[in-house]
Amino acid sequence: MTSSGEVYPPELDKLFKNVPRLTAVDRQFVLKAYERAAEAHKGGVRASGEPYITHPVAVAFILSELKLDAPTLAAALLHDVVEDCDIPIEVIENEFGLEVSRLVDGVTKLEKLPTNTENMKGGKAGDREAETLRKIFLAMGNDIRVVLIKLADRLHNMRTLGFLSLERQRRMAKETMDIFAPLANRLGMWQMKWELEDLSFRYLEPESYKEIATYLNERRTDRERSMEQVKARLQHALAENSIQATISARPKHIYSIFRKMERKKVRFSEVYDVRAVRVIVNDKNTCYQVLGIVHNLWRPIPAEFDDYIASPKDNFYQSLHTAVIDETGKNLEIQIRTWEMHEHAEYGVAAHWRYKEGTARDEEFEKRLRHLRKLMDFSDDHEAQEDPVAYLDAMKSDVFQNRVYVFSPKGDIFDLPAGSTPIDFAYHIHTEIGNRCRGARVNGAQVGLDYQLKSGDRVEIINTKRGGPSLDWLNPNLGYVHTSRARGKIKTYFKKQDYDKNVVMGREVVDRELKRLGVASMPRETVAEMFNFTKVDDFLSAVGSGDITGAQIATKILDAERKASLENPPDMLLPTAEPLRHPVQDSEGIDVMGNSGMLINLARCCNPVRGDEIVGYVTRGRGVTVHRTDCSSLRSGMEPERMVPVNWGKANGRTYPVPVIILAYDREGLMRDVGAVIADENINMNNVSITTRNSVATFLLTMEMQDVSHISRVLARIEQLPNVIEARRRT
Ligand code: MN
């Protein structure tokens with residue numbers, strides 16, 4: 001019974017329970033398809049001996065679990081009637097409309113494939129697979145639902161494969177493993193993918209399958225007990241942080257265990273004990289919060305962390321993956337995701353039908369489909385159409401991501417798209433390793449950077465200390481880079497860099513700053529050294545890209561001047577500064593345990609500035625050196641008993657007189673405007689004189705500054721006043 005009071009056959013009732021949003025009209029429509037299919041398949045039996053109609057019903061049921069719509073369910077029920085019962089497609093169109101008939105036609109065309117390679121005499125191995133693929137992708141271009149029906153059809157056939165001959169079992173299993181499981185993966189349909197893989201594996205490698213299945217079964221009780229403990233511990237920690245989460249043990253798939261075992265060349269015992277949990281939360285931020293809690297609770301294994309939320313996989317999969325070592329010393333894999341990510345991870349493109357139509361998700365879905373079609377669109381490629389094997393190869397590498405598995409020198413395994421080079425590998429490990437990659441050794445022998453990695457290769461990257469990628473790497477003809485990921489990173493590097501341009505701009509900034517500060521004769525090298533650059537151009541480029549600002553340059557130069565003035569009175573760089581009577585204590589006001597009159601130096605390693613937390617260090621014969629408390633040289637090799645507390649004391653109100661020259665085309669109120677800027681910066685001025693010649697006014701004045709570090713800003717502000725030509729320090 002349904003809400004509308006109609007009575008349906010029990011198998012349809014079961015199906016409708018999965019898709020509550022179907023209307024009474026929808027249900028009637030599906031019922032009609034069911035009755036038509038039952039009539040058409042009447043008397044037909046499957047290899048299992050069951051009535052044939054059980055198959056289309058099962059296929060429709062799988063699709064109802066994916067929440068697909070009424071036309072898809074109807075088409076699923078009718079998917080074999082054209083092929084097997086000789087009912088013309090026009091009849092379906094008349095009875096069920098164009099939408100359903102197109103779906104049925106699409107599935108039928110997929111089924112009209114040569115059933116075995118022997119029938120393709122003269123054809124190369126792979127022709128049939130290639131043809132299947134080609135048809136699937138054409139179908140996908142028309143309506144993705146055709147492919148979903150085909151996948152459900154294949155899944156049910158695989159579930160009931162046991163009744164076929166051994167030879168047909170193997171052939172079906174191989175085709176499923178080669179084509180349909182990767183297809184489900186590409187569509188992001190995780191559940192479908194794993195079930196197809198496990199079922200295929202069972203027929204392709206019955207002994208390995210049985211071995212793993214038996215192991216898993218024997219250890220189940222142990223595993224479940226330990227999982228309960230892990231879950232309880234985690235649930236408790238999350239509750240303490242008021243996080244609502246659903247924690248579940250993640251089922252291990254037999255084929256995934258087998259693959260892991262093969263890849264890592266380890267025995268079952270090292271793989272099957274790995275436990276895995278999944279944490280599902282309500283929003284993205286909470287995912288990262290949970291990650292932090294997990295990493296606090298157990299020791300993370302750094303190489304095992306992947307952030308697929310920030311950078312989703314090609315099939316749009318999103319999750320945080322991490323692995324930790326729990327209190328018993330065993331590995332524990334943890335996936336963290338939101339409910340939305342979870343739906344997409346489990347159902348992929350089919351997640352679209354889980355939501356009501358007409359929502360924002362439609363746009364996301366369309367985006368996904370466009371992406372898929374783009375990946376699979378070989379329709380313009382005549383060569384590919386005429387040569388199915390070449391087409392298959394192209395598909396396999398582009399769409400099915402034929403992978404190579406390579407090792408780092410430490411023995412870590414990395415999985416890369418086939419065709420990857422050492423540069424791809426380097427960027428895969430870390431952007432910096434990619435940027436600084438200069439050469440590579442594979443299995444101990446030097447190779448070119450365009451070498452194509454093979455599975456099992458042990459790859460060692462040779463890096464330089466500095467520098468970046470070569471522009472040649474972006475030249476596709478040279479074959480240095482295969483993955484779009486590496487290509488993207490190289491492009492980003494150059495964009496960010498734009499080195500030469502930045503050097504030119506940086507030079508302008510530095511020269512202007514030096515001139516403003518009245519030290520135009522100071523070599524750029526000297527300034528670069530103040531910022532710990534060995535190459536001037538590197539420094540200039542950092543300035544040009546905005547990493548180092550004019551204000552920072554001014555501060556550094558003035559700091560250096562001040563230091564020079566402390567060590568070397570009278571001040572060479574501040575020629576008009578008053579002679580310093582008690583040079584050190586007075587100028588910095590530093591107070592050593594209430595003692596004045598001690599010789600004080602500011603440490604060059606950390607350059608303390610008024611306001612920093614500081615500590616004194618009693619040197620042999622050179623008084624007290626003042627360091628910042630966070631200075632690293634304090635920690636290395638200094639004797640703690642020689643440290644003395646110091647403080648900045650009171651600011652002593654001492655000012656620095658800075659003579660300034662301003663050139664401007666004379667105008668009314670100019671002096672008033674200059675005065676306003678200076679007053680606004682809390683600076684006193686005196687010794688003002690103005691001379692005008694050929695309508696250019698020259699202002700000479702002295703600014704009395706307590707803190708000279710913002711002199712550059714003041715002069716820049718004055719320069720921005722109308723008519724001002726320049727404002728700089730007078731030397
Ligand atoms: Mn079928």
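## Close-ups of salt bridges and helix α10

**View 1. A salt bridge inside helix α8.** Lys-150 and Asp-153 pair in a salt bridge whose closest N and O atoms are 3.5 Å apart. The coordinates come from a predicted model, so please read every value here as computed from that prediction. About one helical turn separates the two partners, because they sit 3 residues apart in helix α8, which covers residues 144-159. Is Lys-150 buried or exposed? With a relative accessible area of 9%, Lys-150 is buried. Asp-153 is buried as well, its relative accessible area being 3%.

**View 2. A salt bridge between helices α8 and α10.** Here the side chains of Glu-195 and Arg-159 come together in a salt bridge, at 2.6 Å from N to O. Glu-195 belongs to helix α10 (residues 190-204) and Arg-159 to helix α8, so this pair ties together parts that are 36 residues apart in sequence. Both ends have some access to the surroundings: Glu-195 is partly exposed at 28% relative accessibility, and Arg-159 is partly exposed at 38%.

**View 3. Helix α10 and its neighbours.** Staying with α10, we can check its length first. At 1.5 Å a residue, its 15 residues should span 21 Å, and the end C-alpha atoms are indeed 21 Å apart, so expectation and model agree. How many of the residues of α10 are buried? The helix is mostly covered, with 12 of its 15 residues buried. Among them are Trp-190, Met-192, Trp-194, Leu-196, Leu-199, Phe-201, Tyr-203 and Leu-204. Charged residues are found in the buried set too, including Lys-193, Glu-197 and Asp-198. Which helices do the buried residues of α10 pack against? They pack against α8, α9 (166-186), α11 (206-218), α13 (254-264) and α16 (339-347).

**View 4. A salt bridge between helices α29 and α30.** Arg-717 forms a salt bridge with Asp-680, and their closest N and O atoms are 2.8 Å apart. This pair links distant parts of the chain, since Arg-717 lies in helix α30 (residues 711-719) and Asp-680 in helix α29 (residues 670-680), 37 residues apart. Arg-717 is partly exposed, and its relative accessible area is 31%.

**View 5. A network of charged side chains.** Which residues join Arg-36 in a network of salt bridges? Glu-39 and Glu-95 are linked with Arg-36 in this network. In general, side chains of opposite charge can pair when their charged atoms come close. For the wider picture, the structure holds 26 salt bridges.

Terms used. Residues are numbered from 1 along each chain as its sequence is written. This is a predicted model: local features need pLDDT of at least 70, side-chain atom pairs count only at pLDDT 80 or more; totals for chains, interfaces and linings use all residues. Side-chain values use heavy atoms; hydrogens and water are left out. A salt bridge is a side-chain nitrogen of Lys or Arg within 4 Å of a carboxyl oxygen of Asp or Glu. Helices (H or I, at least four residues) and strands (E, at least two) are DSSP runs, numbered from the N terminus. Buried means under 20% relative accessible area, exposed over 50%, partly exposed in between (1.4 Å probe, protein chains only). The expected span of a helix is 1.5 Å times one less than its number of residues. Contact means heavy atoms within 4.5 Å.
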